[in-house]
Amino acid sequence: MFRTMSKLDAVDLDLLRALSADPRATVVALAEKLGLSRNTVQARMSRLERGGVFLSFERTLSAEALGFPIEAFLQVTVRQAELPAIREDLAKVPEVLQAHGLSGQVDLLVRVACRDTQHLFDTDARILAIEGVERTETSLVMGEVIGYRVGPLMELARDGV
(Lines give C-alpha, C1' and ligand atoms only; values in the text may rest on other atoms or scores of the structure.)
Protein backbone atom coordinates (compact mmCIF):
# COMPACT_ATOMS: atom_id res chain seq x y z
CA MET A 1 0.00 0.00 0.00
CA PHE A 2 2.70 2.47 0.97
CA ARG A 3 5.83 2.80 -1.10
CA THR A 4 9.00 4.39 0.07
CA MET A 5 11.55 6.18 -2.00
CA SER A 6 15.13 7.14 -1.39
CA LYS A 7 15.76 10.74 -0.44
CA LEU A 8 14.79 13.36 -3.00
CA ASP A 9 17.64 15.42 -4.40
CA ALA A 10 17.61 19.09 -5.45
CA VAL A 11 16.68 18.25 -9.06
CA ASP A 12 13.74 16.09 -7.88
CA LEU A 13 12.52 18.93 -5.68
CA ASP A 14 12.89 21.47 -8.51
CA LEU A 15 10.89 19.16 -10.76
CA LEU A 16 8.19 18.71 -8.12
CA ARG A 17 8.02 22.45 -7.49
CA ALA A 18 7.60 23.08 -11.23
CA LEU A 19 4.86 20.43 -11.40
CA SER A 20 3.15 21.89 -8.37
CA ALA A 21 3.13 25.32 -10.02
CA ASP A 22 1.87 23.91 -13.34
CA PRO A 23 0.35 20.42 -12.99
CA ARG A 24 -0.45 20.31 -16.72
CA ALA A 25 3.13 20.98 -17.83
CA THR A 26 4.46 18.58 -20.44
CA VAL A 27 7.75 16.77 -20.05
CA VAL A 28 9.20 19.00 -22.78
CA ALA A 29 8.04 22.18 -21.01
CA LEU A 30 9.45 20.94 -17.69
CA ALA A 31 12.76 20.06 -19.32
CA GLU A 32 12.97 23.50 -20.90
CA LYS A 33 12.05 25.28 -17.67
CA LEU A 34 14.59 23.31 -15.60
CA GLY A 35 17.36 23.23 -18.20
CA LEU A 36 17.33 19.43 -18.35
CA SER A 37 16.98 16.97 -21.19
CA ARG A 38 13.57 15.52 -21.94
CA ASN A 39 14.91 12.03 -21.22
CA THR A 40 16.23 13.11 -17.81
CA VAL A 41 12.87 14.61 -16.86
CA GLN A 42 10.99 11.54 -18.12
CA ALA A 43 13.30 9.17 -16.22
CA ARG A 44 12.93 11.18 -13.02
CA MET A 45 9.15 11.39 -13.40
CA SER A 46 9.00 7.61 -13.84
CA ARG A 47 11.20 7.06 -10.79
CA LEU A 48 9.10 9.46 -8.71
CA GLU A 49 5.92 7.71 -9.81
CA ARG A 50 7.31 4.26 -8.99
CA GLY A 51 8.45 5.62 -5.62
CA GLY A 52 4.92 6.68 -4.70
CA VAL A 53 5.60 10.43 -4.71
CA PHE A 54 2.52 11.22 -6.80
CA LEU A 55 -0.67 10.55 -4.88
CA SER A 56 -3.14 10.76 -7.73
CA PHE A 57 -3.45 11.79 -11.34
CA GLU A 58 -7.19 12.32 -11.20
CA ARG A 59 -8.66 15.79 -11.24
CA THR A 60 -10.24 16.83 -7.98
CA LEU A 61 -13.89 17.62 -8.57
CA SER A 62 -16.14 19.90 -6.58
CA ALA A 63 -18.72 17.92 -4.62
CA GLU A 64 -20.81 21.09 -4.54
CA ALA A 65 -20.81 21.29 -8.35
CA LEU A 66 -22.13 17.71 -8.39
CA GLY A 67 -25.05 18.72 -6.17
CA PHE A 68 -23.57 17.90 -2.74
CA PRO A 69 -22.94 21.30 -1.07
CA ILE A 70 -22.94 20.05 2.55
CA GLU A 71 -19.64 18.62 3.75
CA ALA A 72 -18.99 17.25 7.21
CA PHE A 73 -16.39 15.36 9.17
CA LEU A 74 -17.62 12.40 11.17
CA GLN A 75 -15.51 11.28 14.09
CA VAL A 76 -16.18 7.56 14.26
CA THR A 77 -15.48 5.22 17.18
CA VAL A 78 -15.31 1.53 16.25
CA ARG A 79 -14.56 -1.89 17.68
CA GLN A 80 -10.94 -2.29 16.61
CA ALA A 81 -11.20 -5.99 15.80
CA GLU A 82 -13.80 -5.18 13.14
CA LEU A 83 -11.86 -2.37 11.45
CA PRO A 84 -11.09 -4.27 8.19
CA ALA A 85 -14.78 -5.00 7.60
CA ILE A 86 -15.76 -1.46 8.63
CA ARG A 87 -13.30 -0.05 6.09
CA GLU A 88 -14.88 -2.18 3.36
CA ASP A 89 -18.40 -1.11 4.35
CA LEU A 90 -17.43 2.59 4.52
CA ALA A 91 -15.97 2.34 1.01
CA LYS A 92 -19.44 1.30 -0.20
CA VAL A 93 -21.03 4.53 1.08
CA PRO A 94 -20.93 6.88 -1.93
CA GLU A 95 -21.07 10.02 0.22
CA VAL A 96 -17.74 9.13 1.88
CA LEU A 97 -15.02 11.22 0.24
CA GLN A 98 -12.16 10.22 2.54
CA ALA A 99 -11.52 8.28 5.71
CA HIS A 100 -8.43 8.45 7.90
CA GLY A 101 -7.42 6.18 10.77
CA LEU A 102 -6.48 8.14 13.87
CA SER A 103 -4.75 7.60 17.17
CA GLY A 104 -6.41 8.79 20.36
CA GLN A 105 -10.04 8.74 21.47
CA VAL A 106 -11.51 8.66 17.95
CA ASP A 107 -10.69 5.83 15.55
CA LEU A 108 -11.67 7.27 12.16
CA LEU A 109 -12.17 10.71 10.68
CA VAL A 110 -14.59 10.41 7.76
CA ARG A 111 -15.27 13.24 5.32
CA VAL A 112 -18.68 13.11 3.65
CA ALA A 113 -20.57 15.23 1.11
CA CYS A 114 -24.38 15.44 1.12
CA ARG A 115 -27.21 17.24 -0.68
CA ASP A 116 -28.73 18.74 2.48
CA THR A 117 -28.91 18.24 6.24
CA GLN A 118 -31.50 15.44 5.97
CA HIS A 119 -29.18 13.61 3.58
CA LEU A 120 -26.35 14.12 6.10
CA PHE A 121 -28.56 12.74 8.87
CA ASP A 122 -29.39 9.69 6.74
CA THR A 123 -25.74 9.18 5.77
CA ASP A 124 -24.69 9.33 9.41
CA ALA A 125 -27.39 6.77 10.25
CA ARG A 126 -26.11 4.42 7.53
CA ILE A 127 -22.58 4.71 8.90
CA LEU A 128 -23.82 4.10 12.46
CA ALA A 129 -25.60 0.97 11.19
CA ILE A 130 -22.31 -0.57 10.01
CA GLU A 131 -21.46 -3.56 12.20
CA GLY A 132 -18.69 -2.54 14.60
CA VAL A 133 -19.34 1.23 14.49
CA GLU A 134 -20.13 2.29 18.04
CA ARG A 135 -20.49 6.07 17.84
CA THR A 136 -20.24 9.04 15.51
CA GLU A 137 -19.90 12.76 16.14
CA THR A 138 -20.57 15.10 13.23
CA SER A 139 -19.01 18.50 12.52
CA LEU A 140 -20.19 20.59 9.58
CA VAL A 141 -17.54 22.10 7.34
CA MET A 142 -18.03 25.87 7.35
CA GLY A 143 -15.25 26.48 4.82
CA GLU A 144 -11.75 25.40 3.95
CA VAL A 145 -9.19 27.52 5.76
CA ILE A 146 -6.03 25.94 4.32
CA GLY A 147 -6.31 23.62 1.34
CA TYR A 148 -4.12 20.59 0.82
CA ARG A 149 -0.62 21.82 0.12
CA VAL A 150 2.91 20.52 0.04
CA GLY A 151 4.75 23.63 -1.17
CA PRO A 152 6.03 24.57 2.31
CA LEU A 153 7.14 20.96 2.85
CA MET A 154 9.09 21.07 -0.41
CA GLU A 155 10.90 24.14 0.88
CA LEU A 156 11.73 22.35 4.14
CA ALA A 157 12.89 19.29 2.19
CA ARG A 158 15.04 21.49 -0.05
CA ASP A 159 16.65 23.12 2.98
CA GLY A 160 17.60 19.63 4.16
CA VAL A 161 19.17 18.67 0.79
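Modeller: A residue counts as buried under 20% relative accessible area, as exposed over 50%, and as partly exposed in between (1.4 Å probe, protein chains only).

Modeller: The model is predicted, so local features need pLDDT of at least 70 and side-chain atom pairs pLDDT 80 or more, while totals for chains, interfaces and linings use all residues. Residues are numbered from 1 along each chain as its sequence is written, and side-chain values use heavy atoms, without hydrogens and water.

Biologist: Why is Gln-80 called partly exposed?

Modeller: Gln-80 has a relative accessible area of 49%, which lies between the two cut-offs, and therefore Gln-80 is partly exposed. Its place is in the loop between strand S1 (70-78) and helix H4 (83-91). From the C-alpha atom of Gln-80 to that of Ala-43 the separation is 42 Å, with their positions 37 residues apart along the chain.

Biologist: How do you know what counts as a helix or a strand, and how many of each does the protein chain have?

Modeller: Both are DSSP runs numbered from the N terminus, with at least four residues (H or I) for a helix and at least two (E) for a strand. By that rule the protein chain has six helices and four strands, and their order along the sequence is α-α-α-β-α-β-β-α-β-α.

Biologist: What makes Thr-77 a buried residue, and which residues does Thr-77 contact?

Modeller: Thr-77 has 18% relative accessibility, and because this is under the cut-off for burial, Thr-77 counts as buried. Thr-77 lies in strand S1. Contact means heavy atoms within 4.5 Å, and once neighbours within four places in sequence are left aside, the contacts of Thr-77 are Gln-105, Asp-107, Gly-132, Val-133, Glu-134 and Arg-135.

Biologist: How do you know that S1 pairs with S3, and in which sense do the two strands run?

Modeller: Two strands pair if DSSP finds at least two bridges between them. S1 and S3 have seven bridges and run in the antiparallel sense, so the requirement is met. One of the residues involved is Ile-70, whose bridge partner in S3 is Cys-114. S1 also pairs with strand S4 (residues 133-140), again antiparallel and over seven bridges, and there Phe-73 has Ser-139 as its bridge partner in S4.

Biologist: What makes S2 and S3 a pair, and what lies between them?

Modeller: Strand S2 (residues 96-101) and strand S3 (residues 108-114) are joined by five bridges and run antiparallel, so they satisfy the pairing rule. Val-96 stands opposite Val-112 in S3. The two strands form a hairpin with six residues between them, and in the turn Gly-104 has a positive phi of about 105°.

Biologist: Why is Leu-90 called buried, and what does Leu-90 touch?

Modeller: The relative accessibility of Leu-90 is 5%, and because that is under the limit, Leu-90 counts as buried. Leu-90 is part of helix H4, and apart from neighbours within four places in sequence, Leu-90 is in contact with Val-96, Leu-108, Val-110, Ile-127 and Ile-130. Arg-47, by comparison, is 43 residues from Leu-90 along the chain, and their C-alpha atoms are separated by 33 Å.

Biologist: Why does His-119 count as buried, and where does His-119 lie?

Modeller: His-119 has 10% relative accessibility, a value under the cut-off, and therefore His-119 is buried. His-119 lies in helix H5 (residues 117-128), and it touches Phe-68, Glu-95, Ala-113 and Cys-114, when residues up to four places away in sequence are not counted.

Biologist: What makes Asp-9 partly exposed, and how far is Asp-9 from Gly-160 in space?

Modeller: Asp-9 has a relative accessible area of 30%, which falls between the limits for buried and exposed, so Asp-9 is partly exposed. Asp-9 lies in the segment before helix H1 (10-21). Although Asp-9 and Gly-160 are 151 residues apart in sequence, they are 9.5 Å apart in space, C-alpha to C-alpha.

Biologist: How do you know how the whole protein chain compares with a compact globule?

Modeller: The radius of gyration is taken over C-alpha atoms, and the globule rule is 2.2 Å times the number of residues to the power 0.38. For 161 residues a compact globule would have a radius near 15 Å, whereas the protein chain has 20 Å. Along the principal axes, the C-alpha atoms fill a box of roughly 55 × 35 × 25 Å. Of the 161 residues, 27% are buried, and among contacts with a separation of 6 or more, 68% come from residues 24 or more positions apart.
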